Amino acid sequence: MGAVSAATAFVQTETHFFIARFMLGFAEAGLLPGLILYLTYWYPERHRARIVALLYIAVPLSSVLGGPLSTAIIQHADGLFGLAGWRNMFLLEGLPTVIIGVVTFFYLTSRPAEAKWLTDEQRGWLQRSLNDEAQVIASRQGTTKGHRGLFSALKDIRIVTMSAVLFSIFYGFYGVSFFLPQMISAMSVEWGVEFSLVEIGFITAAPFAVGTVAMILASRHSDRKGERVWHTAIAMLVAAAGITIAVLGNSSPYVMLVGIALLLSGVLSATSTFWAVPPSILTGMALAAGIGLMNSFANLSGFIGPYLAGYLKDRTGTFDVPMYIIGGVLVVAALVLLGSRRGLSGASVTTETSIPDEVVSSGR
């Protein structure tokens, strides 16, 4: 993925660009499902919202840090290596990903049993805890007889429902995050305030910083209470409320940014608690297939959201209509999720397994 991103710096034609974007999407497709599944190999159920939140910190941080950094590279690295600023941005931000990928390949282990940095006692305890939990989940959900296979997961109505819910969460995130810099630029024109590229980067980063804090707090509360569905649904409703505030308060830049911060807080918090649900209702191959299916369907919002938002913005001249649509989708999906909570009864944490603080805090 890092190699493709860096190679984008050298595209020369529209065809080159489409090939690069296709290859980037191809590389990204298996990343998140693989990471979520990987975390289930290491962390018991009652800790997963917090652990997923730590993983997802990368999303807002990529905007908090990446926004100003990217705009600074475009503005100040123009001509470096004989390349335009935007080309240097792809090159300089893609190469570190390649390095991290190589380090990760040699450093991380697939299972606790292979982790040499744990003692024999820690490895044995953690693996037994995870095995016992998997048996409890399989027994509780009847997965030992019909939900371990690939095709059984694809036919599971719970997976279909969760796919639609995740689509709405991603739709809210992509629909706004892709157009947030444009919205800020439009605000500067409307209010007669001129922002530089770097200033737009910092203003864009502010709502993501708020969202990061909210996501961590929400995930910790979800783990502490041992509840997932209500936490996810309420976060989605908060996001919808944030959209309403942003649209109705668009006469004030401060009110609009508060609304966008609430929106991002909601979708990020919903994402962290959402991903704690699948491992509590599925095991084995069904879990891997379910995560892949949900993520694949939800990623369609990465095309539909920005495309629809851009189309409606061109037709109406404002972002109001696409924002209202995002809010409506989030509300409907939250209600669908709450209506399905009986079928997701396994999404409440009932095990008492606890990881020692030194293992959790290590982030490994």
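**Entry 1. Terms and overall make-up**

A helix, as I use the word here, is a DSSP run of H or I at least four residues long, and helices are numbered from the N terminus. By that rule I placed Leu268 in helix H15. I note at the outset that the model is predicted.

I then looked up the secondary structure of the protein chain and found 20 helices and zero strands. Of the 364 residues in the chain, 48% are buried. I also looked at contacts with a separation of 6 or more in the protein chain: residues 24 or more positions apart account for 78% of them. The accessible surface of the chain comes to about 17700 Å², and carbon and sulfur atoms hold 67% of that area.

**Entry 2. Leu268 and its surroundings**

I returned to Leu268 to ask whether this residue is buried or exposed. Its relative accessible area is 2%, and the limit for buried is under 20%, so Leu268 counts as buried. I next listed its partners, leaving aside neighbours within four places in sequence: Leu268 is in contact with Val59, Pro60, Phe173, Gly211, Thr212 and Met215. For one of these, Met215, I looked up the C-alpha separation from Leu268, which is 5.7 Å, with the two positions 53 residues apart along the chain.

**Entry 3. Helix H15 against helix H4**

I stayed with H15, which spans residues 253–274, and turned to its packing with helix H4, residues 48–56. The two axes come within 7 Å and cross at roughly 130 degrees. That angle makes H4 oblique to H15. I recorded the crossing of H4 past H15 as right-handed. On the H4 side, Ala49, Val52, Ala53 and Tyr56 take part, and they meet Thr271, Ser272 and Thr273 of H15. Sorted by class, this contact has four nonpolar and three polar residues, with no charged residues.

**Entry 4. Helix H4 against helix H3**

I followed H4 to another partner, helix H3 (residues 31–40), and found the two packed at an angle of about 145 degrees with their axes 11 Å apart. The H3 and H4 crossing is right-handed. From H3, Leu32, Leu35, Ile36, Leu39 and Thr40 make the contact; from H4, the residues are Arg48, Ile51, Val52, Leu55 and Tyr56. I counted the classes here as eight nonpolar, one polar and one charged. Val52 and Tyr56 of H4 appear in this list, and both also appear in the contact with H15.

**Entry 5. Helix H14 against helix H19**

I looked up the pair formed by helix H14, residues 229–248, and helix H19, residues 320–339. Their axes lie 9 Å apart, at an angle of about 160 degrees. Angles over 145 degrees count as roughly antiparallel, and H14 is therefore roughly antiparallel to H19. H14 passes H19 in a left-handed crossing. The residues of H14 in this contact include Val229, Trp230, Met236, Leu237, Ile243 and Leu248, and those of H19 include Asp320, Met323, Tyr324, Gly327, Leu330 and Leu338. By class I recorded 20 nonpolar, two polar and one charged residue.

**Entry 6. Ile325 in helix H19**

I then picked out Ile325, which lies in helix H19. Its relative accessibility is 31%, so I entered Ile325 as partly exposed. Not counting residues up to four places away in sequence, Ile325 touches Tyr171, Leu308 and Leu312. I checked Tyr171 further: Ile325 and Tyr171 are 154 residues apart in sequence, and their C-alpha atoms are 10.0 Å apart in space.

**Entry 7. Two loop residues**

I finished with two residues outside the helices. Thr8 is found in the loop between helix H1 (2–7) and helix H2 (14–29). With a relative accessible area of 3%, Thr8 is buried. Apart from neighbours within four places in sequence, I found Thr8 in contact with Ala20, Trp86 and Phe90.

Phe81 sits in the loop between helix H6 (66–76) and helix H7 (85–107). I asked whether Phe81 is buried or exposed. At 58% relative accessibility, Phe81 counts as exposed, because the cut-off for exposed is over 50%. I also noted the backbone of Phe81: its phi is positive, about 60 degrees, although the residue is not a glycine.

Key. Residues numbered from 1 in each chain as written. Predicted model: local features only at pLDDT ≥ 70, side-chain atom pairs only at ≥ 80, totals over all residues. Heavy atoms only, no water. Axes fitted to C-alpha atoms, helices over the stretch in contact; angles between N-to-C directions. Parallel < 35°, antiparallel > 145°, perpendicular 65-115°, else oblique. Left-handed = near helix turned anticlockwise from the far one by under 90°. Contact = heavy atoms within 4.5 Å. Nonpolar A, V, L, I, M, F, W, Y, C, P; charged D, E, K, R; others polar. Buried < 20%, exposed > 50% of the residue type's maximum accessible area, 1.4 Å probe, protein only. Areas by Shrake-Rupley, 256 points an atom, 1.4 Å probe, with all protein chains shown as cover.
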